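Please open the model in your viewer and keep the selection panel at hand. The tour below goes from one selection to the next, and at each stop it says what is there.

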Amino acid sequence: MPFDITNLAIPMWTFLGAYGLFLAVFSLYSLFNLYHLVRFGTASTGLYAVTALFAGGTVLLVGATVFLLAPYDWSASISVSDLLRQTASTKQFFPGK
Amino acid sequence: MYDLKQLPNQKPDEHVVMFLRRQWFAWAAIIVAFAFMIAVPTGIAIFFWDRVGVWLQHPIFGPIIMMFASMYVLCLWLFSFLEFTDYYLDTWVITNDRIINIEQKGLFNRVASELHLAAVQDVTSEVYGMVGTFFDFGDVYVQTAAEHERFEFKSIDHPEKVKEIINKMVEEYKETHAKNIVAAMADGTKTI
């Protein structure tokens with residue numbers, strides 16, 4: 001059977017894998033940065049406040065992302081032929097046109 | 001973690017006279033840039049909400065757009081924090097014995113150097129521009145006995161005052177040092 005790219009189906013969870021990889025790199029840099037601050041910073045209330053602000057903000061941002069991404073169906077697959085058909089139709093992306 | 005009461009290699013009679021960082025404009029610029037880079041795409045999304053709302057409900061494009069938006073915000077958050085770390089870890093400590101310069105260069109490079117007050121030859125302060133004059137910030141340069149070596153206090157508050165304090169500390173140090181030598185020679189513990 002000849003290869004046809006339109007027969008391909010990409011599972012949605014692969015995007016979650018890419019996002020997970022991004023979060024891993026983000027965590028690594030964040031931890032390294034926090035280590036720098038704690039190791040070389042001067043002991044002060046400001047330092048503790050900024051460290052808590054960053055940690056709290058990160059938890060809040062990641063939590064909000066999880067909350068917003070959870071309702072989507074991640075078990076679905078993207079069919080390339082469907083995708084091409086849908087992108088060809090501008091009506092659903094530009095309502096009123 | 002550094003403790004200003006316990007500096008590395010601190011002498012028994014050594015104490016911190018001044019602890020300096022770059023002036024508040026440095027971290028205010030980080031906050032303004034972060035707020036601007038969040039506000040612009042948010043504003044565009046709100047303005048075109050009738051279209052953006054439809055995209056977000058799409059079973060394929062919705063989660064992808066949401067993921068990219070999250071990655072954008074997290075990247076901004078991280079880079080702002082990295083910039084803040086760079087600002088926060090650039091410090092200058094003036095004691096009654098030496099000047100310590102700690103400079104963070106990016107995330108992986110760090111330079112710590114110190115200069116004994118005895119080596120200070122000349123101190124220059126520089127205030128530039130309308131903003132610097134209005135908010136009283138600028139640079140202070142400390143020239144040492146070595147021909148090309150000089151310490152730079154970049155964008156600090158009240159540079160003129162800092163210059164005066166360094167000059168005063170150098171004079172006091174040299175006077176005390178001279179008295180100690182004279183006393184030692186009088187005791188016979190030191191000879192020329």
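When the directions of two helices are compared, an angle of 65 to 115 degrees counts as roughly perpendicular, whereas one over 145 degrees counts as roughly antiparallel. Please keep in mind throughout that this is a predicted model.

**First stop: two helices of chain B**

Select helix 2 (residues 49–57) of chain B together with helix 3 (residues 61–89) of chain B. The axes of helix 2 of chain B and helix 3 of chain B come within 5 Å, and they cross at roughly 110 degrees. Helix 2 of chain B and helix 3 of chain B are therefore roughly perpendicular to each other. Show the side chains of B:Trp55, B:Leu56 and B:Gln57 in helix 2 of chain B, and then those of B:Phe61, B:Gly62, B:Ile65 and B:Met66 in helix 3 of chain B, since these residues make the contact. Sorted by class, this contact of helix 2 of chain B with helix 3 of chain B has 5 nonpolar and 2 polar residues, and no charged ones.

Stay for a moment with B:Trp55, which has its place in helix 2 of chain B. Is B:Trp55 buried or exposed? B:Trp55 is partly exposed, because 17 other C-beta atoms lie within 10 Å, while a residue needs 20 or more to be buried. If you draw a line from the C-alpha of B:Trp55 to the C-alpha of B:Met66, the two are 9.9 Å apart in space and 11 residues apart in sequence.

**Second stop: across to chain A**

Now select chain A, in which there are 3 helices and 2 strands, following the pattern β-α-α-β-α when read along the sequence. Buried residues make up 4% of the 97 residues in chain A.

Turn next to the place where the chains meet, where 34 residues of chain A are in contact with 30 residues of chain B. The elements of chain A that give two or more residues to the side touching chain B are helix 1 (13–40) and helix 2 (45–69), and helix 1 of chain A gives the most, with 13 residues. By class, that side of chain A has 23 nonpolar, 9 polar and 2 charged residues.

Add helix 3 of chain B to your selection again and compare its direction with that of helix 2 of chain A: the two pack at an angle of about 175 degrees, with their axes 10 Å apart. Helix 2 of chain A and helix 3 of chain B are therefore roughly antiparallel to each other. Among the residues of helix 2 of chain A that meet helix 3 of chain B are A:Val50, A:Phe54, A:Gly57 and A:Leu61, and the residues on the side of helix 3 of chain B include B:Met66, B:Met67, B:Trp77 and B:Phe81. This contact has 13 nonpolar and 4 polar residues, and no charged ones.

**Third stop: the sheet of chain B**

Hide chain A and select the open sheet of 4 strands in chain B, which has the order 1-2-3-4 with antiparallel pairing. Its edge strands are strand 1 and strand 4 (109–116) of chain B, each of which pairs on one side only, and the twist averages 10 degrees from one strand to the next.

Strand 1 (residues 16–20) of chain B pairs with strand 2 of chain B in the antiparallel sense over 4 bridges, and here you can find B:Phe19 opposite B:Val93. Strand 2 of chain B also pairs in the antiparallel sense with strand 3 (residues 98–105) of chain B, over 4 bridges, and B:Trp92 stands opposite B:Asn101. These two, strand 2 and strand 3 of chain B, form a hairpin with 2 residues between them. Of the 5 residues of strand 2 (residues 91–95) of chain B, 4 are buried, so this strand is largely enclosed by the rest of the structure.

**Last stop: the helix across the sheet**

Finally, select helix 5 (residues 159–187) of chain B, which lies across strand 1 and strand 2 of chain B and runs at about 150 degrees to strand 1 of chain B. Helix 5 of chain B has 29 residues and reaches 42 Å from its first C-alpha to its last, close to the 42 Å expected at 1.5 Å a residue. Colour B:Pro159, B:Val162, B:Ile166 and B:Met169, which are buried in helix 5 of chain B. What covers the buried residues of this helix includes strand 1, strand 2 and strand 5 (120–126) of chain B. Just after helix 5 of chain B comes B:Gly188, whose phi is positive, near 85 degrees.

Conventions. Residues numbered from 1 in each chain as written. Chains lettered and ligands numbered in written order. Predicted model: local features only at pLDDT ≥ 70, side-chain atom pairs only at ≥ 80, totals over all residues. Buried ≥ 20, exposed ≤ 12 C-beta atoms within 10 Å, placed from the backbone. Contact = placed C-beta atoms within 7 Å. Nonpolar A, V, L, I, M, F, W, Y, C, P; charged D, E, K, R; others polar. Pairing = 2+ DSSP bridges. Axes fitted to C-alpha atoms, helices over the stretch in contact; angles between N-to-C directions. Parallel < 35°, antiparallel > 145°, perpendicular 65-115°, else oblique. Expected span 1.5 Å × (residues − 1).
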